[in-house]
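Subject: Handover of a protein structure

Dear colleague,

I am passing on to you the structure shown below, together with an account of what was found in it. Please keep it open in your viewer as you read.

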Amino acid sequence: MTDKDPAANPAAPQPVLDLKDAVALIVGIVIGAGIFKLPAPVAANTGDAGTMMLAWILGAAISFVGALCYAEIATSHPDAGGEYHFLERAFGGDIARLFAWARMTVISSGSIAIFAFVFADYVTPLAPLGAHSSSIYAGLLVLVLTAINLVGIRAGKTTQNVLTLILCLGLALVIVSGLVIAPAGSAATPAAPAASSAQGAFGLAMVFVLLTYGGWNDAAYLSAEIRDGHKNIARSLLLGLAVVATLYILVSYAYYIGLGMEALGKSSAPAADLLGRALGGAGAVLICVIVALAAITSANATMLTGARTSYALGRDWPLFGILGRWDAAAGVPRNAMLLQAAISLALVGLGTWTRKGFETMVDYTAPVFWLFFFLTGMTLFVFRRWEPHASRPYRVPFYPVTPLLFCGVCIYMLFSSLAYTGKGALVGVGVLAVGAVLVIVNRRNA
């Protein structure tokens, strides 16, 4: 694959996103349902407030390390294919095509299904639609957001900016409720760690923390659509993560102050418990709306970025050539987005069949995601070795320590995602294996 000048080709991605749009996308992708669900198991596996807050701060630090690595890679090789483009340049077409297959069938589509189920689970209590209400709402969300994004990149980014603003205001309400309105007394009995050893418990807590911080890397897929990308790609990554880290640390501390450590560790819905204590019955309704908005925000941002990899795949692999068509009028890869919606709907069906929609989708996506996260981090070493004189508008500090640290974390998370997830992980790995077979067949027929 070669870099192309978008100005010379109107049927290609154009730089239409400014810095605030890119920051809003990152914030919207990262801040999802996780911050409303996962602080409870983090508290249960850390046991005391100091260790819990350390976990959230460490999660922010690890995310910043990864963002520094991605900033160099993305500013040096901006392309709508994002990680697909990086892997193709570093390791060749076979690895890139396998990644594109994985993102198309597992990572992006699975993430959209995750957010759709979260949305459905919180909307159903407000307006139930019968025995299959959750599945109906999940499917409707996929269809509606796909239709919005098919209108064009500008419609999608406007929706994203509005939803992200509302979401941040909702998190601010959680912070105020915990720190001001309903403090429970932080001296409550510490929650007992769930694992058999302190080391194992903290490791499991970090799995939840890093899952909550996940998604910032999707900015790489918009690297060719960000104005002044040589400056704004790095800025958007770091600014977006700074906003996320500040909110996450404050929200986690608010949960602790508002509920106490023991209650937080045992809660299945800490945000609902906190707002219910602070605002009464209205609080429970309000948090359902907030979490639903969080899920919409993340699903919309993932949908906006996810189809870009399939578009890049279509440009390079004749088997999927139909996906490599860019709708210049709308500014979106229309065919790739439609296929992404179809796969997401199929995964909603899978989650419905297992009756564990959210959990099944987390299991399905995690191992494949962390495998390719590691490989993308390794591209930085390849580029530094084989392209020593290439233009690098941004250079990762403390090379090679910084990327080595990032890749080490990815290996740990890959192991953890296999060790702590269920049968859904095997399904995801199986789908990846199907893609590997297609890649081998393609090579033999080439």
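The paragraphs that follow go from the overall fold to the core, the surface and the salt bridges.

**Overall picture**

Please note that this is a predicted model. The protein has 17 helices and 0 strands. Of its 446 residues, 58% are buried. The accessible surface amounts to about 17,000 Å², and carbon and sulfur atoms account for 68% of that area. When contacts between residues at least 6 apart in sequence are considered, 82% of them join residues at least 24 apart.

**The nonpolar core**

The largest nonpolar core comprises 129 residues. Within this core, Ile 31, Phe 36, Met 52 and Trp 216 have the most contacts. Helix H6, which runs through residues 93-123, contributes the most to the core, with 20 residues.

Which residues does Trp 216 touch, if its neighbours within four places in sequence are set aside? Its contacts include Ile 26 and Val 30 as well as Ser 63, Gly 66, Ala 67 and Tyr 70. Later in the chain, Trp 216 is also in contact with Leu 237, Leu 241, Phe 373 and Phe 406.

Met 413 is another residue to inspect, and it is placed in helix H16 (residues 401-420). Its relative accessibility is 3%, so Met 413 counts as buried, the limit being under 20%. Not counting residues up to four places away in sequence, Met 413 touches Val 207, Leu 210 and Trp 370. Although Met 413 and Met 206 are 207 residues apart along the chain, their C-alpha atoms are separated by 8.9 Å.

Leu 211, in helix H9 (residues 198-213), has a relative accessible area of 43% and is therefore partly exposed. Its contacts beyond four places in sequence are Leu 38 and Val 362. Leu 211 and Val 30 are 181 residues apart in sequence, while their C-alpha atoms are 9.3 Å apart in space.

**Two helices to examine**

Helix H3 (residues 39-46) is mostly covered, with 7 of its 8 residues buried. Among the buried residues of H3 are Pro 39, Val 42 and Asn 45. Gly 47 follows H3 and has a positive phi, near 90°.

Helix H7 (residues 133-151) allows a check of helix length. At 1.5 Å a residue, its 19 residues should span 27 Å, and the C-alpha atoms at its ends are 28 Å apart, which agrees. The buried residues of H7 include Tyr 137, Leu 141, Leu 145 and Asn 149.

**A nonpolar patch on the surface**

Val 176, Leu 179, Val 180, Ile 181, Tyr 253, Leu 279 and Leu 286 make a nonpolar surface patch of about 550 Å². Helix H8 (residues 153-181) supplies the largest share of this patch, 4 residues. Val 180 is located in H8. Is Val 180 buried or exposed? With a relative accessibility of 60%, Val 180 counts as exposed, because the limit for that class is over 50%.

**Salt bridges**

The structure holds 5 salt bridges. One of them joins Glu 72 and Arg 384, whose closest N and O atoms are 2.8 Å apart. This pair links distant parts of the chain, as Glu 72 lies in helix H4 (residues 49-76) and Arg 384 in helix H15 (residues 357-386), 312 residues apart. Glu 72 counts as buried at 3% relative accessibility, and Arg 384 is buried with a relative accessible area of 16%. Glu 72 and Arg 384 also belong, with Arg 392, to a network of salt bridges.

Arg 443 and Asp 94 form another salt bridge through their side chains, at 2.6 Å from N to O. Arg 443 lies in helix H17 (residues 423-445) and Asp 94 in helix H6, so this pair ties together parts that are 349 residues apart in sequence. Arg 443 counts as exposed, at 58% relative accessibility.

The salt bridge between Glu 262 and Lys 266 has its closest N and O atoms 3.2 Å apart. Both residues lie in helix H11 (residues 261-266), 4 residues apart, which is about one turn of the helix. Glu 262 is partly exposed, with a relative accessible area of 31%, whereas Lys 266 counts as exposed at 66% relative accessibility.

Yours sincerely,
A colleague

Definitions and conventions
Residues numbered from 1 in each chain as written. Predicted model: local features only at pLDDT ≥ 70, side-chain atom pairs only at ≥ 80, totals over all residues. Heavy atoms only, no water. Core = buried A, V, L, I, M, F, W, Y, C linked by side-chain atoms within 4.5 Å. Buried < 20%, exposed > 50% of the residue type's maximum accessible area, 1.4 Å probe, protein only. Contact = heavy atoms within 4.5 Å. Expected span 1.5 Å × (residues − 1). Patch = residues over 30% accessible without salt bridge, like charges linked within 9 Å, V, L, I, M, F, W, Y side chains within 5 Å. Areas by Shrake-Rupley, 256 points an atom, 1.4 Å probe, with all protein chains shown as cover. Salt bridge = Lys/Arg side-chain N within 4 Å of Asp/Glu carboxyl O.
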